[in-house]
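Got the viewer open? Let's take a short walk through this one, picking selections as we go.

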Amino acid sequence: MNDDEPLVRWQWIADHAAELADYTAVHLRLGLLPVLFGLIISVPLGILCHRLRRLYPPVLTVANILYSIPSLALFMIFVRYTGLTEQTVMIPLTLYTLSVLVPNVVDGLASVPEPVRLAATAMGFGTVRRVVQVELPIAVPVVIAGVRVAAVSSISLVAVGQLIGQGGLGYYITRGLQLDFPTPIVTAMVLIMLLALTTDALLVLAQRLLTPWSRSKVTAA
Amino acid sequence: MIRFDAVSKNYPNGTTAVDDLSLELAEGGITVLVGPSGCGKTTTLRMINRMVEPTTGTVSLRGRDIREVNAPELRRGIGYVIQHAGLFPHRTVLDNIATVPLLLGWSRKKARARAAELLELVGLPAEMAKRYPNQLSGGQQQRVGVARALGADPPVLLMDEPFSAVDPIVRAELQAEFIRLQKELHKTIVFVTHDIDEAIKLGNNIAVFRTGGRLAQFDTPERLLTSPADEFVADFVGHDRGIRRLSFVKAAEVPLREGPVLSATSPVAEARAVKEPWVLVVDDARRPLGWAPVAELPDSGTLVDVQLAPLGHTFSLVGDSARAALDSALLSPARLAVGVDADGAVVGAADVHEITGSPGGGDR
Amino acid sequence: MNDFLNQIQLVGDWLTSSSQWHGDEGIPRRLLEHLTYSGLSLLFAALIGLTFGLLVGHTGRGAFAVASVANLARAIPTFGLVVLVVTLAGLSSTPVLIALVALAVPPILINTFEGVRGVDPATRDAARGVGMTGWEVLTRVEVPMALPLILLGLRVAAIQVVATATVAAYPGLGGLGRFIVDGLSRNDYELVIGGSTVVVVLALVVQAVFTALRRVVVSPGLRAAATKS
């Protein structure tokens, strides 16, 4: 890199604003859909693990092993089946969320006080109704804590997908390296972090709206 | 032994936990600090081992200002037991008990041997040594907590609501065990509780605190029941204190009269001649058999043939208190308490008025 | 399914061909590079993360700063950071190592902090009450009780570092990622999938090492309370 090249050329950002917005939208999709899919898998799986305790350790072990596999390697393994597509990025990212979401669903359900569970049963709730109407709502704060972690790391991992041509804002990172020009790299990083932190803040807000009863407790803690 | 001189503890937010406390705790006894929550009893306790430092005033132990002693060193010489035992979950029961000896630099072998001794002393089987705290019941954890506090055989023991987290049956067990232990060990014990019954049961002396950290009364349990210093103490001690103070009067002090006592071989006519509604029937050795209702006696025969009403229970002149005598009077159909000697032979009887009018019973 | 077997066959062929096990481009050389980057950065990150995590956890001062740093750090795109460092400082291992350390510190820091902070106040009170000094409370009670979380932090950091060291091949560094990146640019799928397999195996070994470590160093008395991972 040229020594007098500044870290950020503001003019470049202005010139590419529209394009940046497009890539930002793609990045959000690639980052957040896996979290949604992860939740769709983790909630029933977590309920199952909560009810069948023996199932939990093996499920957790598998999720942890999946999480430990570097994204680049996992992308490559899926390229064979799904090609250089968005799915190839989103499937591994979905698998990564499981190592956070499944334990948080299980812990969330475990956080339901025993008297509440018993009271619900005594009032005549069937198992399914009890889980859906009583236990899951109480588990929401813990589950959302997991969703926050999953969403933030998923958004930041999307960029690696650029190595198979599907990296959202990651495009500017490889572009910057090829051009030996830091502005796109810095811009992409800042945008990715902003996306992650904004998502995180929105999730905190969502939790407050979803669980008004836990608000006083949250501020007390 | 332990002396508080004009000790106060104020917090920056303006609350006063302890207000101008002066108190001297005798050596070798159990002093109970009792009071409602927020009365400063725990703060007072924690000032003795410098877990809390007083704002003003001095605390001294055996005549020495405790601020002169390095805090960890001071604490190693004072046993400390807390509500949920506060055991170290990552250490086995044996290593928990060996904590203080190890801190004092004993060899591992010697510390473990000492710990094994203590395990036995607090009534736990030796096979518990290898277990971890979360594998024990609440009562067992509390015993381990006591054993840990006794690790280096400290002369002073501080106990902060040690038995309040367990159920009433286990609590009664632990209290009895505690009394037994103290008879053996003669420690100087400072014991915090919010339960006045526990205080009266365990304490040689009781300090009652009121909200705001002021000492309301420092006295023996008996004096606390008979002459509470003020309305607050009277109220805190409870409305049944009149009955409870009888616990401190020996049954031997209850004035007995001969009472309507007849042998089972006596003829019925003799019972009628007594002119009492009930007659106590005894065997050859004067052991009580039961009460005979005079109005329902048959016309002839002896008392052996009579259907007797149950005795309720008698009270012993050698072991019992006036409270047992009162209970015995209330349960007997004749409303008379029957006092027996060590052999179980009837000495005499007393009614409720006579019992409560006995030397320790009346208002003084 | 058939395709899956083909893939295994492919990997098998690649792994067993003798050229993979010799020379500058061989697996041993790349593995050594990878382990050196990962090991060194994890070591430095542990020194920094453990020191500050224990300090903040023990004293309780600076908790907010630790939480904020950890939160912010999770949002940093690791790929971007490595590429940026290479763009700014050129292709040498020291700047990349620094970036790896920076990425590995937060999970160690926050988990160590939370592990120490999470020690039951009654246990800490008892530790002081039996006469432990601050140092003794830290080393004999807080650290052993925080070990499950400390190990979790180290494991997450190790996984992070191994993964990012793989990506570091893209801007031109060595390590196991080279097989994947070179394979991609040469359209040599055998090389890509072979390299990926070695990376996966390394990740599994890391995971297994931490599982074993946990069995050895975490007190059985904490196991029941420490299923969270």
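Start by selecting chain C, in what is a predicted model. You'll see 10 helices and 0 strands there, so to speak a plain menu: reading from the N terminus, the elements go α-α-α-α-α-α-α-α-α-α. Along its principal axes, the C-alpha trace of chain C spans about 65 × 40 × 30 Å. Colour chain C by burial next: 50% of its 229 residues count as buried. If you have a contact map handy, take the contacts in chain C between residues at least 6 apart in sequence; 73% of those join residues at least 24 apart.

Now zoom in on helix α8 of chain C, residues 177-186. Is this helix enclosed or open? With 7 of its 10 residues buried, α8(C) is largely enclosed by the rest of the structure. To light up the buried ones, select Gly177(C), Arg178(C), Phe179(C), Ile180(C) and Val181(C), then add Gly183(C) and Leu184(C).

What covers those buried residues of α8(C)? Show α2 (27-59), α7 (134-167) and α9 (189-217) of chain C, and bring in α4 (71-82) from chain A, which is also part of the cover.

Step just past the end of the helix: α8(C) is followed by Asn187(C), and its phi is positive, near 55°.

Finally, zoom out to the whole assembly. Of the 2 pairs of chains that touch, chains A and C have the most contacts. Select chains A and B together for the last stop: these two do not touch, and their nearest C-alpha atoms are 18 Å apart.

Methods. Residues numbered from 1 in each chain as written. Chains lettered and ligands numbered in written order. Predicted model: local features only at pLDDT ≥ 70, side-chain atom pairs only at ≥ 80, totals over all residues. Buried ≥ 20, exposed ≤ 12 C-beta atoms within 10 Å, placed from the backbone. Helix = DSSP H or I, 4+ residues; strand = E, 2+ residues; numbered from the N terminus. Contact = placed C-beta atoms within 7 Å.
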